[in-house]
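Me: I am new to this structure and would be grateful for a close look at one part of it, the place where two helices pack together. Please then set that part beside some other features of the model.

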Amino acid sequence: MRPQHVAVLRCFRAITYPRYNARAMAELSRTHTIAEIIAAPLGATALDGTPATLMGWVHFRRDLGQLIFITLRDRWATLQCVFDPELSEAAHSVAEGLRGEYVVAFTGYTRARPAKELRGYEGGDREFVVMQAAVLNAAEPPPFLVEEEVKASEEMRLKFRYIDLRRRSMVRALTVRHQAVTAIRDYLNGRDFLEIETPLLARSTPEGARDYVVPSRVHHGTFYALPQSPQLFKQILMVGGIDRYYQIAKCLRDEDLRGNRQPEHTQLDLEMSFASRDDLFGVLEGCMQAVWRACLGEELPVPFPRLNYDEAMRRYGSDKPDLRFGCEITELTPLFAHVPADFIHDGIAQGQQLHGVFIPGASLSRKLLDEWALEAKKQGASGLMSLELGGPEVKGSLAKYITDPQPFVEAAWSARVPAGEANGGQGRPPSKAGTWFIVLGAERRNLLALGQLRLKLAQTFGLYGSQAGTLAPPVGPDSVPVGVSSQWQFAWIVDFPLYEQDEATGAVTPAHHAFTSPLASDIPKLDSDDPEVLLTIRADNYDLVLNGVEMSSGSLRIFDPALQMQVLRKVGLSDEQIEARFGWFLAAYRYGAPPHRGVGFGIDRLIMSLLNVENIREVIAFPKTATAQDPLTGAPAEIDPAQWAELGLKPAKEHTGSQ
Ligand code: ASP
């Protein structure tokens with residue numbers, strides 16, 4: 001050791017802080033985060049430079065007797081810290097007592113790590129030699145280890161969320177979430193939007209879910225409703241002349257938590273006055289570009305393709321089509337006109353149709369075909385037929401009826417024009433090998449069933465790559481993954497039906513919130529009471545879809561009070577009910593309401609897509625379980641008996657109170 005190093009070492013006082021100690025915090029201050037010390041020039045905090053102080057958690061400890069190695073972790077990184085009694089006996093003796101998740105402060109210097117020890121090591125080219133160590137807080141052994149391959153159940157992870165949040169993937173999720181929201185805010189702020197908060201304690205804002213309600217202590221027997229969205233308030237802001245509004249808003253919906261729903265989700269809520277559809281689409285597309293740049297460093301091509309609802313259903317059997325691959329649904333009825341199969345002709349005579357999807361490269365055994373037939377039935381089809389092309393002979397359940405496969409070959413070619421066609425068409429001509437999966441039945445049923453089947457087949461046959469960017473290898477000897485033009489396929493789906501038919505009751509019900517405007521050309525149809533006519537009315541609305549997931553929905557709003565009354569009456573509300581629930585809102589429309597339109601855009605889903613995770617709870621700091629509970633705080637919880645009285649409420653059954 002060089003003499004000046006010895007001198008520097010003497011500067012470190014021998015004292016240590018073995019327990020939680022306010023003095024330690026008073027005397028020490030963090031000079032660097034771990035990421036900063038890794039990025040600093042190696043000499044800057046070296047022994048002959050200024051010492052550095054790091055603070056964080058004991059991630060991992062290895063005691064080799066003479067030397068102790070501690071991996072220190074903070075939010076940004078981990079770094080190996082070395083305790084050598086020859087350099088600092090005091091620090092070494094503190095290290096002997098350190099355990100996992102102790103909170104510590106280490107003062108020392110960096111030194112180069114041997115090159116052969118750098119593989120898989122996060123600390124760059126260096127490690128940290130500790131001259132002085134302080135315990136800022138001790139920790140009990142954690143219920144699970146802070147590691148990426150977390151072995152704890154989700155329930156445990158949520159109960160001990162503060163431990164779980166220390167994991168790198170959680171930090172990453174929250175960081176990306178912050179970056180995305182910041183990019184959105186920056187983009188909109190730069191375009192004269194105002195971010196305005198709207199109340200949480202409000203009246204019902206119906207979005208089709210149950211309200212969460214909050215009893216009023218001051219006015220017994222009355223309740224606030226937590227907003228299902230800021231819908232009515234943002235519209236009032238437009239009447240108030242605000243013109244361009246947005247908010248990163250919490251939306252609270254008491255609904256069954258199927259799949260990836262949460263009782264409270266976050267959306268970018270946005271509204272614009274005097275804006276055309278193109279204006280609004282441009283703003284959202286700009287937001288997405290800003291997010292992709294900020295979070296992934298990627299440039300998204302805009303404008304996004306647009307499909308109307310009817311076309312999306314016809315081509316993809318879905319109102320949220322996945323456009324990362326082609327394999328569109330094709331109507332094959334005309335091709336069967338001369339196919340000698342009685343059951344097909346009987347079906348056609350009864351008004352049924354034949355639809356199919358062609359999957360390139362798919363060649364299936366009898367057993368697999370049976371499995372897919374079962375799947376098709378699960379999706380609502382009455383059965384599934386197949387026709388395998390490209391081999392020396394035609395195979396599949398329909399093969400025996402087909403004398404000339406050529407029309408099916410040609411149909412396969414055109415069906416496989418990539419969806420990307422709407423996007424500039426990057427697809428190459430497909431090989432002829434592959435299988436038609438065909439259903440016979442009523443058109444809508446066929447489309448819905450094939451829409452689902454198309455997704456599952458694409459997954460099985462690797463027709464799209466994962467969102468992580470790797471395209472699946474081509475399937476089959478001479479096929480190519482046609483239609484994969486980008487890993488991010490956005491699309492606007494526009495002009496949905498204003499009403500839908502309840503399958504169980506047959507009743508005609510609104511398909512969206514009641515403030516959605518019909519397309520101008522369809523407004524006269526509202527005068528009809530005929531369900532057939534009502535079901536043909538289209539809304540002036542739009543969803544933004546990414547890779548088959550609905551990210552956002554929005555619309556032009558009704559801004560004519562008479563039309564709004566008409567639509568509310570159509571959903572079965574009496575004039576008295578309309579007045580009681582929405583009188584305050586309609587009143588505003590009498591004082592000069594501008595034309596306005598907007599969207600709600602799901603932030604949770606956006607982050608899930610960016611991170612390619614499938615569980616919404618991975619992108620929310622404090623989510624609820626699938627049974628709407630919070631294992632961390634124990635919510636929902638009983639309340640004190642005194643609170644019942646204060647609120648003027650009585651429990652329906654005997655409650656013992658909380659605590
Ligand atoms: N309020 C709608 C929703 O939350 C979105 C919109 O129409 O702006 O789904």
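Reply:

**A helix pair and its surroundings**

In this predicted model, helix 10, which covers residues 309-316, packs with helix 14, residues 443-460, at an angle of about 65°, and their axes lie 8 Å apart. Two packed helices are described by exactly these quantities, the angle between their axes and the distance between the axes. Angles of 65 to 115 degrees count as roughly perpendicular, and helix 10 and helix 14 are therefore roughly perpendicular to each other.

The residues that form this contact can be named on each side. Helix 10 contributes Tyr309, Met313, Arg314 and Tyr316, while helix 14 contributes Arg444, Leu447, Leu448, Gly451 and Arg454. Divided by class, the contact of helix 10 with helix 14 has 5 nonpolar, 1 polar and 3 charged residues.

Another part of the model is built from strands. Here a closed barrel of 5 strands follows the order 1-2-3-5-4, and its pairing is mixed. From one strand to the next, the twist averages 55°. Strands of a sheet pair through backbone hydrogen bonds, either parallel or antiparallel. Strand 1 (residues 52-63) and strand 2 (residues 68-73) run antiparallel and are joined by 6 bridges. Val58 has Leu72 in strand 2 as its bridge partner. A helix also meets this sheet: helix 4 (residues 89-97) packs on it and touches strand 1, strand 2, strand 3 (78-83) and strand 5 (126-137). The direction of helix 4 makes about 65° with that of strand 5.

The spaces in the model may be considered next. The second largest pocket holds about 310 Å³ of space. Its lining consists of Tyr212, Val214, Leu226, Leu252, Pro263, Glu264, Lys624, Ala628 and Pro636. By class, the lining of the second largest pocket comprises 7 nonpolar residues, no polar ones and 2 charged ones.

As for cavities, the count comes to 3 of 30 Å³ or more. The volume of the second largest cavity is about 40 Å³. Around the second largest cavity stand Leu498, Tyr499, Pro510, His512, His513, Ala514, Thr516, Val567 and Val571. This lining divides into 6 nonpolar and 3 polar residues, with no charged residue.

To return to the part requested, the contact of helix 10 with helix 14 includes 3 charged residues, among its members being Arg314 of helix 10 and Arg444 and Arg454 of helix 14. The lining of the second largest cavity, by contrast, has no charged residue.

Definitions and conventions:
Residues numbered from 1 in each chain as written. Predicted model: local features only at pLDDT ≥ 70, side-chain atom pairs only at ≥ 80, totals over all residues. Heavy atoms only, no water. Axes fitted to C-alpha atoms, helices over the stretch in contact; angles between N-to-C directions. Helix = DSSP H or I, 4+ residues; strand = E, 2+ residues; numbered from the N terminus. Parallel < 35°, antiparallel > 145°, perpendicular 65-115°, else oblique. Contact = heavy atoms within 4.5 Å. Nonpolar A, V, L, I, M, F, W, Y, C, P; charged D, E, K, R; others polar. 1 Å grid on protein atoms, 1.4 Å probe; cavity = no way out; pocket = protein on both sides within 12 Å on 5 of 7 lines; lining within 4 Å. Points joined across faces, edges and corners; volume = space filled by probe spheres on them. Pairing = 2+ DSSP bridges.
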